[in-house]
Amino acid sequence: MAERYDCHYCKESLFGRKYVLREENPYCVKCYENLYSNTCEECKKSIGCSSRDLSYKDRHWHDDCFHCFKCSRSLVDKPFSTKDDQLLCTECYSNEYSSKCHECKKTIMPGSKKMEHKGNSWHETCFTCQRCQQPIGTKNFIHKENSNYCVPCYEKQFAMQCIQCKKPITTGGVTYHDQPWHKDCFLCTGCKQQLSGQRFTSRDNFAYCLNCFCNLYAKKCASCTTPISGLGGSKYISFEERQWHNNCFNCKKCSISLVGRGFLMARDEIMCPECGKEV
């Protein structure tokens, strides 16, 4: 007697009938489709054994249902994109959602390389220097007046040259006596420290930090012997080729301030009239 060959689920004989093997167990077509067939995302019907099951991210479609959401063209064996879980052909997706090139105004197709800067996008071949028209690619560039320039072209066309090193100033800089300087080149003539961001003065068209200027050129106080800068509105007293800081112009004996008061000279020392009488 021949061995029976039955459907694993309904137990009906499979002799002379089509069947499907799953995990080495035979199923009649009806049972297999009821148990294991996927539901089509488009028509919501079962995808039977006689149909090809197309899948994408755990979702399934019949061949005839796998089409663009907007233009309905078949996407079988064609590139496609998705938006809000809807299938879109490359053309529809590009027209609807892809960036437009800031230069040629055409769509930048998905998958193609694009360049972006301050909210604008370009085809790689359209992202060129305004002056030399060469593609900028990943090289450094400078944006000016709605145009992009490679660094060499920008320097040739726009950048001022430092009066000290004669090289272009591309960022920052200092203007002194109507002449441009790099911050790193604008130094104190005396100590060679940078003057950018700090107070300075000049003599004979040379710039000096306050310390160097005072040490080199300022008169010395006859009392404390430190320099009298006279800068920033600070006041001092001058008498017979000698100078004093305001707060140093005091009576030698009683130390009272003599600013705005009468005083006497006694052996090169200043004294108030009362102390001067005792000498």
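In this predicted model, His-60 is in contact with Asn-38, Thr-39, Cys-40, Glu-41, Ile-47, Asp-53, Leu-54 and Ser-55, leaving aside its neighbours within four places in sequence. The residue belongs to strand 4, which covers residues 59-61. His-60 counts as buried because its relative accessibility, 18%, falls under the 20% limit. Its side chain also makes a polar contact with the side chain of Asn-38, at 3.3 Å.

The residue preceding it in the numbering, Arg-59, forms a salt bridge with Glu-41, and the closest N and O atoms are 3.6 Å apart. This pair links distant parts of the chain: Arg-59 is in strand 4, whereas Glu-41 is in the loop between helix 1 (29-36) and strand 3 (54-56), 18 residues apart. Arg-59 counts as buried at 19% relative accessibility, while Glu-41 is partly exposed, with a relative accessible area of 29%. Glu-41 thus takes part in the salt bridge with Arg-59 and is also among the contacts of His-60.

The structure holds six salt bridges. Another of them joins Arg-73 and Glu-91, with the closest N and O atoms 3.3 Å apart. Arg-73 lies in the loop between strand 4 and strand 5 and Glu-91 lies in helix 2, so the pair ties together parts that are 18 residues apart in sequence. Both partners are partly exposed: the relative accessible area is 42% for Arg-73 and 45% for Glu-91. Helix 2 spans residues 90-97, and its buried residues are Cys-92, Tyr-93 and Ser-94. These buried residues pack against strand 5 (80-83) and strand 6 (86-89).

Further along the chain, strand 7 (residues 114-117) and strand 8 (residues 120-123) run antiparallel and are joined by four bridges. Met-115 has Trp-122 as its bridge partner in strand 8. The two strands form a hairpin with two residues between them, and Lys-118 in the turn has a positive phi of about 50°. A salt bridge connects Glu-116 with Lys-114, the closest N and O atoms being 3.3 Å apart. In a regular strand the side chains alternate between the two faces of the sheet. Glu-116 is exposed, with a relative accessible area of 57%, whereas Lys-114 is partly exposed at 35%.

Finally, Tyr-217 lies in helix 4 (residues 210-217) and is partly exposed, with a relative accessible area of 33%. Not counting residues up to four places away in sequence, Tyr-217 touches Arg-203 and Tyr-208. The side chains of Tyr-217 and Tyr-208 are joined by a polar contact of 3.1 Å. Tyr-217 and Leu-14 are 203 residues apart in sequence, and their C-alpha atoms are 115 Å apart in space.

Key. Residues are numbered from 1 along each chain as its sequence is written. This is a predicted model: local features need pLDDT of at least 70, side-chain atom pairs count only at pLDDT 80 or more; totals for chains, interfaces and linings use all residues. Side-chain values use heavy atoms; hydrogens and water are left out. Buried means under 20% relative accessible area, exposed over 50%, partly exposed in between (1.4 Å probe, protein chains only). A polar contact is a pair of N or O atoms within 3.5 Å; within protein, one must be able to donate a hydrogen and the other to accept it, and residues adjacent in sequence count only if both atoms are side-chain atoms. Contact means heavy atoms within 4.5 Å. Two strands pair if DSSP finds at least two bridges between them. A salt bridge is a side-chain nitrogen of Lys or Arg within 4 Å of a carboxyl oxygen of Asp or Glu.
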